[in-house]
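Let's take a walk through this fold, one piece at a time. Keep the viewer open as you read.

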Amino acid sequence: SLARSVCLPVCLPLLSHTLCLSVPRSLFLSLPTLSSMPSPPPPSHLLIALLSSLSEAMRLHHLGHHKAYHTKLLAALEKFDKRDTLTLTAIDNLVSDPKSVPEELQTAVLRSGLQFLNHYEYFWSLRAPGTGPAEPTGKLAAALAASFGSVAEFKDAFSSSAKSVFGSGWVWLVDNGGTLSLETSKDHERPASGRRLLCLDVWEHAYYPDYKNKRAAFIEAWWTIVDWSVVQERFEATTAAHAEL
């Protein structure tokens, strides 16, 4: 849509406020090298969501934790002499095959790389409250109903999975060859197979500044800013990939 093809805010934390600059979205879609990113790229509407929905927790999550994973990953890749050549796809390949990384850097690349990629997927699936579709529609909604009984039952199951994660981790909606399922992962891990459509970070840093220990309230609020158009795009991409096999 037009709203998704214009500009993204690049947000630079200053001493007393955040400076936001408008940058063409195509810059972040192409991502020629990781080191060219001006800090981790936020979705075009993220700052509105920060202030009007999850506020302080989301601001710290993006400009603090996500940026830290980005910085640590760049430092590790610089030692590996890969800082200026890696795209997101290449980083994905590295964390999928950690033995391709020097042994002394494997832990840093794996942990920071996975957390960077996980957070990238997470933040790209957010929207401003009151914008975009409030619920999944079309083929995505039909696939959710086929796998879970209904969209409402899917959301209940997803929320229950998110509440059940002990300690730090993630919950994922995964497409396994046309069948949708839920998976949870610990710490920086992600599903080992399938194509990831949607994820929720349930580390305490994702919600504690606003919700304290009330994870359920955070999950309920998160549903109001899920960007179903992004999930739909991911689903359509996986459907097309399945059709080519």
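Start with two helices, keeping in mind that this is a predicted model. Helix α3 (residues 88–96) packs against helix α4 (residues 103–124) at an angle of about 130°, and their axes are 9 Å apart. Those are the usual two numbers to quote, since two packed helices are described by the angle between their axes and the distance between the axes. With the oblique class ending at 145 degrees, α3 and α4 are therefore oblique to each other. As for handedness, α3 passes α4 in a left-handed crossing. On the α3 side, the contact is made by Leu88, Ile91, Asp92 and Val95. The α4 side brings in Val109, Leu110, Gly113, Leu114, Phe116, Leu117 and Tyr120.

One of those residues is worth a click: valine 109, which sits in helix α4. Is valine 109 buried or exposed? Its relative accessible area is 2%, and buried means under 20%, so valine 109 counts as buried. If you leave aside the neighbours within four places in sequence, valine 109 is in contact with Leu73, Ala76, Leu77, Val95, Val101 and Leu114. You can also check its spacing to leucine 94: the two lie 15 residues apart along the chain, and their C-alpha atoms are separated by 8.0 Å.

Now move along to the sheet. Here 3 strands form an open sheet in the order β4-β3-β5, and the pairing is antiparallel. The strands β4 and β5 stand at the edges with a single partner strand each, so one side of each is left without a neighbour in the sheet. On average, and ignoring direction, neighbouring strands of this sheet are turned by 20° against each other.

For the wiring, recall that strands of a sheet pair through backbone hydrogen bonds, either parallel or antiparallel. Strand β3 (residues 169–176) and strand β4 (residues 179–186) run antiparallel and are joined by 8 bridges. Want some pairs to highlight? Glycine 169 stands opposite lysine 186 in β4, and tryptophan 172 stands opposite glutamate 183 in β4. The hairpin of β3 and β4 has 2 residues between the strands, and in this hairpin glycine 177 takes a positive phi near 65°.

On its other pairing, β3 meets strand β5 (residues 195–201) in the antiparallel sense over 6 bridges. Tryptophan 172 turns up again here, with cysteine 199 as its bridge partner in β5. Leucine 173, for its part, has leucine 198 as its bridge partner in β5.

How covered are these strands? β3 is mostly covered, with 7 of its 8 residues buried. In β5, 6 of the 7 residues are buried, so β5 is largely enclosed by the rest of the structure.

Part of the picture around the sheet comes from two helices. Helix α5 (residues 138–148) lies across β3 and β4, running at about 75° to β4. Helix α6 (residues 151–164) lies across β3, β4 and β5, running at about 145° to β3.

Which residues of α5 are buried? They are Leu140, Ala141, Ala143, Leu144 and Phe148. These residues cover an arc of only 160° around the axis, which puts them on the same side of α5. Turned away from that buried side is a face carrying the exposed residues Gly138, Lys139 and Ala146. After α5 comes glycine 149, whose phi is positive, near 110°.

Over in α6, have a look at alanine 152. Alanine 152 is partly exposed, with a relative accessible area of 48%. Glutamate 135 is 17 residues away from alanine 152 along the chain, and the C-alpha atoms of the two are separated by 9.6 Å.

Last stop: helix α8 (residues 215–222), where the buried residues are Arg215, Phe218, Ile219, Ala221 and Trp222. Look down the axis of α8 and these buried residues fall within an arc of 165°, so they line one face of the helix.

Methods: Residues numbered from 1 in each chain as written. Predicted model: local features only at pLDDT ≥ 70, side-chain atom pairs only at ≥ 80, totals over all residues. Heavy atoms only, no water. Buried < 20%, exposed > 50% of the residue type's maximum accessible area, 1.4 Å probe, protein only. Helix = DSSP H or I, 4+ residues; strand = E, 2+ residues; numbered from the N terminus. Pairing = 2+ DSSP bridges. Arc of directions from axis to C-beta. Axes fitted to C-alpha atoms, helices over the stretch in contact; angles between N-to-C directions. Parallel < 35°, antiparallel > 145°, perpendicular 65-115°, else oblique. Left-handed = near helix turned anticlockwise from the far one by under 90°. Contact = heavy atoms within 4.5 Å.
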